[in-house]
Amino acid sequence: MNRINLLPHLLSSRIAAGEVVERPESVLREFLDNAIDSGGDEIVIEADGGGIDRLTCIDNGCGIGKDDLALIGERHATSKIRVEDDLYNIHTLGFRGEALYSISAVSKLTIKSKAQDDDEAYTLVIDNGKRLPIFRGGPEKGTIITAEGLFQEIPARRAFLKRAQTENLQNRSMIIKKALCYPQISFRYYQDGALKLSYEKAKDLKERVMMLYRPMGIPDDEVVVLKTHGEEFSITFIGTRQDIHRTDRKEIRIYVNGRAVEDFSLQQAVSYGYGELLPGGSYPYSVLFIENDAALTDFNIHPTKKEVKLRNSKEIHHAIVLLIQNGLERKIPEIKREENTSSLFTENEIRANAKKTTESNFLLEKIYTYRESEKPKNSTWLEKAKELKKLREGRREKEEEKEEKQEVISFTYIGQCFSLFLLAEMDDTLYLVDQHAAHERILYDELLSQVSVQKLLTPISLNVESDVDSFLKEHSEIYTKLGIMLTDAGNGKWEIIALPAIAKDVESQIVSFIENSVGSTSELESEIFAIMACKKAIKRGDRIDSYSAIEILKKVFSMDEPVCPHGRTFLVKITEKELLKMVGRTL
């Protein structure tokens, strides 16, 4: 008896549909893509029962002719591509020809449409895979598409759907995601007959983004628009200034060629751009719009098309970082008097590291020099080590200049408060310094000037994606200069054979970072040493003596930019004038 069977067509269709259709939001995503591609400027969505019972999308676009309706719902039927090369020149949101086929296999799909050149409208119905004859009738313009009874004939799948209220929230989120990138189109969402969301046409991208931000309490003047371009791409960044931020990356939204995508490296570029402007563990509200050469952009990775491969990702990543770094104003926060209140506030809330520790070893550690017996035998690495020596010598000269600067700084150390802040008076200003972040920065600077490297008895293996693999093949010397020696084992596999001594206990974080990162030398250097320095720094809750506190403050006041390696500002100041105002005195 044969153990292998050919699946019935309808069953195989429903299995394939599971890759595209998970819930009403999945259906809505495909409906919206087609509506946007149609070229209209009005889209209306209606949902009953969270879209489980019925989900309708209405647009006033170019419509679908009778002959094309006859092909809709067939697998891989699409108007977007004709030959293989078209896959590398995609300018529309839909192109795979799987969406409507999948939706029609798990619901009753009805499409009513009138093409611009046709005299009449026509209607197509496909009921859970069963195609009915096309008949006359439909809208005067555009298309009305409806999916009813999602998974009604697949009870096991329907049981996994959430309550209507939850599905409605997902639908609204999807509409917002699509609407942000298309200000020239109006979007309205009706939930069980009631209007729940309305985005009217906007004059530009910022005006559309503010339709999302204003209800959150974010004013227009706290949002900046920055633009740049390269030979093959252009970038528009819309984001909040440093005083408005959140504790997760959910509002770092990324769009590539009009499509919302999930890409950690691009989110990372935005975070790098803000750098020290935001407290540790904080992220901005921002929307990044990238227009890239279609030939260098590949969305043909997953049926949902939410992932993208950019062949020029390194250039785009670097351009984003520089755009934000150069475009945002940087300043040390000051404590100021608020009108009609007796409380004190800072422009940037000081957020301390939540972890407490009993470590009391707060003295600045010296890194032992690299012993001859531990040197790797790889001659290429030795050549790079010579370059590293020159680099460190230059850094030592800068450190010596800083030490000379420290000698002329005059301040009065007042003490430690809340087991976290060091207080000092200089000229007419009172300074509060976060001891953990400040010490972390000091260690970071020391690490840059002198790295102690240890060869590993057992190499650490890494598995990287193709873009990271290509990056490492061209730029592995970036990590060599940081004391991390990598060797290429082939087929996307790499090995770490040497690490800085201070990397002990953070190997897993370093591995994860290398596996997921591309970028410039300065970006990678900053992030790697931030990972290592954080473990050794004085923690919140540690009590330190005045001598050590004064040594830390000397180094802090000699810094050109008092920010920790994670980019968090750790110095806050209040002037004598502001303090007198707060207590009702005058100079």
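Contact here means heavy atoms within 4.5 Å. With that in hand, let's work through some exercises. The model is predicted, so to speak of local features we need pLDDT of at least 70, side-chain atom pairs count only at pLDDT 80 or more, and totals for chains, interfaces and linings use all residues. Residues are numbered from 1 along each chain as its sequence is written, and side-chain values use heavy atoms, with hydrogens and water left out.

**Exercise 1: a charged residue**

Task: Find which residues E25 touches, not counting residues up to four places away in sequence, and which side chain of opposite charge is nearest.

Solution.
- Step 1. Place the residue: E25 belongs to helix α2, residues 24-37. Helices (H or I, at least four residues) and strands (E, at least two) are DSSP runs, numbered from the N terminus.
- Step 2. Collect its contacts: leaving out residues up to four places away in sequence, E25 touches Q170, N171 and M174.
- Step 3. Look at its surroundings: E25 is buried and has no salt bridge. Buried means under 20% relative accessible area, exposed over 50%, partly exposed in between (1.4 Å probe, protein chains only). A salt bridge needs a side-chain nitrogen of Lys or Arg within 4 Å of a carboxyl oxygen of Asp or Glu.
- Step 4. Find the opposite charge: the nearest such side chain is R23, 4.5 Å away. For charge, Lys and Arg count as positive and Asp and Glu as negative, while His and the chain ends are not counted.

**Exercise 2: a sheet of five strands**

Task: Work out the strand order of the open sheet of 5 strands, and say which helices pack on the sheet.

Solution.
- Step 1. Read the order: this open sheet runs β10-β11-β14-β12-β13, with mixed pairing. Two strands pair if DSSP finds at least two bridges between them.
- Step 2. Find the edges: β10 (223-229) and β13 (259-261) are the edge strands, each pairing on one side only. Neighbouring strands of this sheet are turned by 20 degrees against each other on average, direction ignored. Axes are lines fitted to C-alpha atoms, for helices over the stretch in contact, and angles run from 0 to 180 degrees between N-to-C directions.
- Step 3. Walk across from β10: a hairpin of 3 residues joins β10 to β11, and the two strands are antiparallel over 7 bridges. V223 stands opposite T240 in β11.
- Step 4. Continue to β14: β11 and β14 pair in the antiparallel sense over 7 bridges, with T236 opposite F289 in β14.
- Step 5. Finish at the other edge: β12 (residues 252-256) and β13 are antiparallel over 3 bridges, and I254 has V261 in β13 as its bridge partner.
- Step 6. Add the helices: α6 (residues 164-179) packs on the sheet, touching β12 and β13, with its direction at about 55 degrees to that of β12. Helix α8 (residues 264-274) also packs on the sheet, touching β11 (233-240), β12 and β14 (286-292), and its direction makes about 125 degrees with that of β12.
- Step 7. Check burial: 10 of the 11 residues of α8 are buried, as are 7 of the 8 residues of β11. After α8 comes G275, whose phi is positive, near 50 degrees.

**Exercise 3: aromatic pairs**

Task: Of the 5 aromatic pairs in the whole structure, take Y213 with Y285 and Y431 with F557, and classify each.

Solution.
- Step 1. Set the rule: rings of Phe, Tyr and Trp (its six-membered ring) pair if their centres lie within 6.5 Å; planes under 30 degrees apart count as stacked, over 60 as edge-to-face and the rest as tilted.
- Step 2. Apply it to Y213 and Y285: the centres are 6.1 Å apart and the planes at 80 degrees, so the pair is edge-to-face. Y213 lies in helix α7 (residues 205-213) and Y285 in the loop between α8 and β14, 72 residues apart. Y213 is buried at 0% relative accessible area, and Y285 is buried at 13%.
- Step 3. Apply it to Y431 and F557: with centres 5.2 Å apart and planes at 70 degrees, this pair is edge-to-face. Y431 sits in strand β21 (residues 429-434) and F557 in helix α16 (residues 546-557), 126 residues apart.
- Step 4. Place the second pair in its cluster: F411, Y431 and F557 form one aromatic cluster.
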